[in-house]
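Please open the model in your viewer and keep the selection tool at hand. The tour below proceeds by stops, each with something to select and a note on what is found there.

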Amino acid sequence: MKRRWPENIRSSEITPAETYFSRRRILRETLFLGAAAALAACSPEGASPSATPAQVPTEPPLDAPNTYEEITNINNFYEFTTSKERVAQVARDFVTSPWQVEVTGLVEQPGMYDLDALRRFEVEERIYRMRCVEGWSMVIPWNGFPLGKLLKAVTPLPAAKYVQFTTLLDPNQMPGQKTGYFTWPYEEGLRLDEAMHDLTLLVMGVYGKDLLPQNGAPVRLVVPWKYGFKSIKSIVKIDLTAEMPATFWNDLAPEEYGFYANVNPEVPHPRWSQATEYKIGTSGERFPTRFLNGYAPEVGELYKGMDLTKAY
Ligand SMILES: Nc1nc2c(c(=O)[nH]1)N[C@H]1C(S)=C(S)[C@@H](COP(=O)(O)O)O[C@H]1N2
Ligand SMILES: [Mo]
């Protein structure tokens, strides 16, 4: 699919799909992200991958958990609205019970899992960084369990190589799905070994509370070393496949969003650098983005021998 945004939009206006919508909306959201977005737009280094170390404060604030307030009020969930600050409001009455997740495809024991069935897996708290492809980040204490436990329970067949995830399709509840621009439902995918990795979670809560609709209630994926868009929300289907599955953002703009979407400061988005990020809740400075979002010791192994500039 061809690029559809006007060439004259500056790379510093970093919210990808909003560029399809009104210019006013872009400005409003840029402002909402605060000083960082504005700084990025103005600083000469903002769009280049080579921000000098002197400008870039290191570590501590990067790892402090964001507040519940921040996590539940700044969201990307295009099924409801493309406005980060409005998702919570628009999604408020989203009905998440009863809910079933179908686990199907190349498995020995396909099945339907309701929330009680999912809660039977041992739920842990994991505090993970989340890095949005747009250039902002948060640190979030999730409650969930490794997806691999569910996958083991259904026994993947030898032919299974990938896992596809699908969000609920319900335009009556999700007004964003009435906009024809996107291909609904939202879909995502992982290689089976990525899906089986212990860091990959199915998540049902934040800060010990059940997920709210804006965060992907009642159950979502969290893959902390990949850009946030891989962490698909409000999942109704998990399908094990032999072929690499289609994914929402890759369908829309394949030259900008690959299947892997591993966080990588050295692989710029075609329209902006990924070398630094603005952490929500800090005063606007940009921090260096880390390879695999800081999880290289755990997951680097998965990409041995791959050219991550091509498998982006
Ligand atoms: N179904 C669905 N899942 C989604 C999205 C979406 O629009 N729809 N947005 C993604 C993006 S771009 C990000 S950054 C994260 C944001 O998660 P959060 O709002 O819980 O922080 O959700 C991801 N999962
Ligand atoms: Mo994102």
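**Stop one: the ligand and its shell**

Begin by selecting ligand 1 together with its surroundings: of the 17 residues around the ligand, Tyr78, Glu79, Arg220, Ser231 and Lys233 come nearest, where a residue is near a molecule or strand if one of its heavy atoms lies within 4 Å of it. This is a predicted model, in which local features need pLDDT of at least 70 and side-chain atom pairs count only at pLDDT 80 or more, while totals for chains, interfaces and linings use all residues. Residues are numbered from 1 along each chain as its sequence is written, chains are lettered from A and ligands numbered from 1 in the order in which they are written, and side-chain values use heavy atoms, with hydrogens and water left out.

Colour the shell by residue class, and it divides into seven nonpolar, seven polar and three charged residues; here Ala, Val, Leu, Ile, Met, Phe, Trp, Tyr, Cys and Pro count as nonpolar, Asp, Glu, Lys and Arg as charged, and the others, Gly among them, as polar.

Next, display the polar contacts, meaning pairs of N or O atoms within 3.5 Å (within protein, one must be able to donate a hydrogen and the other to accept it, and residues adjacent in sequence count only if both atoms are side-chain atoms). At Tyr78, a backbone N or O atom lies 2.8 Å from an oxygen atom of ligand 1, whereas at Glu79 a polar side-chain atom lies 2.8 Å from a nitrogen atom of the ligand. Select Asn215 as well, since an N or O atom in its side chain is 2.9 Å from an oxygen atom of ligand 1. Taken alone, ligand 1 exposes 540 Å², of which the protein buries 98% (accessible areas come from the Shrake-Rupley method with a 1.4 Å probe; for residues, only the protein chains shown count as cover).

Switching to a surface view, you will find ligand 1 in the largest cavity. A cavity is a set of points, on a 1 Å grid over the protein atoms alone, where a 1.4 Å probe fits but cannot get out, and a molecule sits in one if more than half of its atoms lie within 2 Å of its grid points.

**Stop two: Ser234**

Select Ser234, in the loop between strand 9 (220-222) and strand 10 (235-241); helices (H or I, at least four residues) and strands (E, at least two) are DSSP runs, numbered from the N terminus. Ser234 has a positive phi of about 45° although it is not a glycine, and its side chain reaches the backbone oxygen of Ala217 at 2.7 Å. With a relative accessibility of 0%, Ser234 counts as buried, a term that means under 20% relative accessible area, with exposed over 50% and partly exposed in between (1.4 Å probe, protein chains only).

**Stop three: Leu292 and Asn293**

Move on to the loop between strand 12 (286-288) and helix 9 (296-299), where Asn293 is found and where Leu292 is also placed. Leu292 is not a glycine, yet has a positive phi of about 55°, and at 0% relative accessibility Leu292 counts as buried. Asn293 is buried too, with a relative accessible area of 2%, and the side chain of Asn293 reaches the backbone oxygen of Pro224 at 2.8 Å.

**Stop four: Leu252 and the loop before strand 6**

Which residues lie across from Leu252, a member of helix 8 (residues 248-252)? The C-alpha atoms of Leu252 and Phe182 are separated by 7.3 Å, although the two are 70 residues apart along the chain, and Thr183 is 7.8 Å from Leu252, C-alpha to C-alpha, at a sequence separation of 69 residues. Leu252 is buried at 4% relative accessibility, whereas Thr183 is partly exposed at 47%. Thr183 lies in the loop between strand 5 (162-167) and strand 6 (187-191), and Pro185 has its place in the loop between those strands; a cis peptide bond, with omega about 0°, joins Trp184 and Pro185.

**Stop five: a further cis bond**

Finally, select Ser97 and Pro98, whose connecting peptide bond is cis, with omega near -5°; Pro98 is found in the loop between helix 4 (87-90) and strand 1 (100-105).

Definitions and conventions:
1 Å grid on protein atoms, 1.4 Å probe; cavity = no way out; pocket = protein on both sides within 12 Å on 5 of 7 lines; lining within 4 Å.
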